[in-house]
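Work through the exercises below with the sequence and the structure at hand. Each task is followed by a solution in steps.

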Amino acid sequence: MQDLCQTRVAVKIVKNVTKYREAAMLEINVLKKLEENDPNGRHLCIRLLSWFDFFGHACLVFDLLGKSVFDFLKENDFAPYPIEHVRHIAYQLVYSVAFLHANQLTHTDLKPENILLVKSSYTTFYNPRRKRKSECLTAPTSD
């Protein structure tokens with residue numbers, strides 16, 4: 001594992017309430033199972049780097065990723081994604097969900113807010129239909 005002291009990460013802090021804490025412990029167990037079945041992260045699921053307890057609050061440590069598909073869309077005044085990006089995102093989503101199902105898991109909260117971009121880099125261009133500048137995700141790579 002890489003040295004977390006030298007890396008920017010995301011920390012999900014789960015409130016010290018019994019039912020939330022129990023849900024967090026279940027989430028940790030599921031994420032560990034995913035790591036065992038996909039140690040290289042090829043199936044595009046979030047990776048749990050570590051977790052710790054802070055005064056009863058469960059703190060889960062993840063790679064720092066980009067914006068959600070929804071946040072990127074919202075910050076771009078809901079200008080639609082180009083169709084090639086929609087295809088790429090949809091393919092990756094189905095690929096990930098198929099991996100979950102192959103491991104007898106079901107994502108129970110699948111929505112645009114929970115689909116994260118690896119990076120939120122974009123290019124700006126003039127959109128003649130909207131008569132203003134719009135942002136477009138940097139061309140996705142074929143992983």
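**Exercise 1: the surroundings of S68**

The backbone nitrogen of D71 lies 2.9 Å from a polar atom of the S68 side chain. The model is a predicted one.

Task: Find the place of S68 and decide whether S68 is buried or exposed.

Solution.
- Step 1. Locate the residue: S68 sits in the loop between β3 (57-63) and α2 (69-75).
- Step 2. Take its relative accessibility, which is 4% for S68.
- Step 3. Buried means under 20% relative accessible area, so S68 counts as buried.
- Step 4. List the contacts of S68, leaving out residues up to four places away in sequence: P112, E113, I115 and L116.

**Exercise 2: F54 and the surface patch**

Task: State where F54 lies and classify its exposure, then name the nonpolar surface patch that includes F54.

Solution.
- Step 1. F54 is placed in strand β2.
- Step 2. The relative accessible area of F54 is 47%.
- Step 3. Partly exposed covers the range between under 20% and over 50%, so F54 is partly exposed.
- Step 4. Together with V11, I13, F52 and F55, F54 makes a nonpolar surface patch of about 560 Å². Two or more residues of this patch come from each of β1 (9-14) and β2 (48-54).

**Exercise 3: the largest nonpolar core**

Task: List the residues of the largest nonpolar core and find which element gives the largest share.

Solution.
- Step 1. The core has 12 residues: V14, A24, I28, L31, L34, L48, A58, L60, F62, F99, L100 and L105.
- Step 2. Elements giving two or more residues to this core are α1 (18-37), β3 and α3 (83-102).
- Step 3. The largest share comes from α1, with four residues.

Methods. Residues numbered from 1 in each chain as written. Predicted model: local features only at pLDDT ≥ 70, side-chain atom pairs only at ≥ 80, totals over all residues. Heavy atoms only, no water. Patch = residues over 30% accessible without salt bridge, like charges linked within 9 Å, V, L, I, M, F, W, Y side chains within 5 Å. Areas by Shrake-Rupley, 256 points an atom, 1.4 Å probe, with all protein chains shown as cover. Salt bridge = Lys/Arg side-chain N within 4 Å of Asp/Glu carboxyl O. Buried < 20%, exposed > 50% of the residue type's maximum accessible area, 1.4 Å probe, protein only. Polar contact = N/O pair within 3.5 Å; in protein donor to acceptor, adjacent residues only side chain to side chain. Contact = heavy atoms within 4.5 Å. Core = buried A, V, L, I, M, F, W, Y, C linked by side-chain atoms within 4.5 Å.
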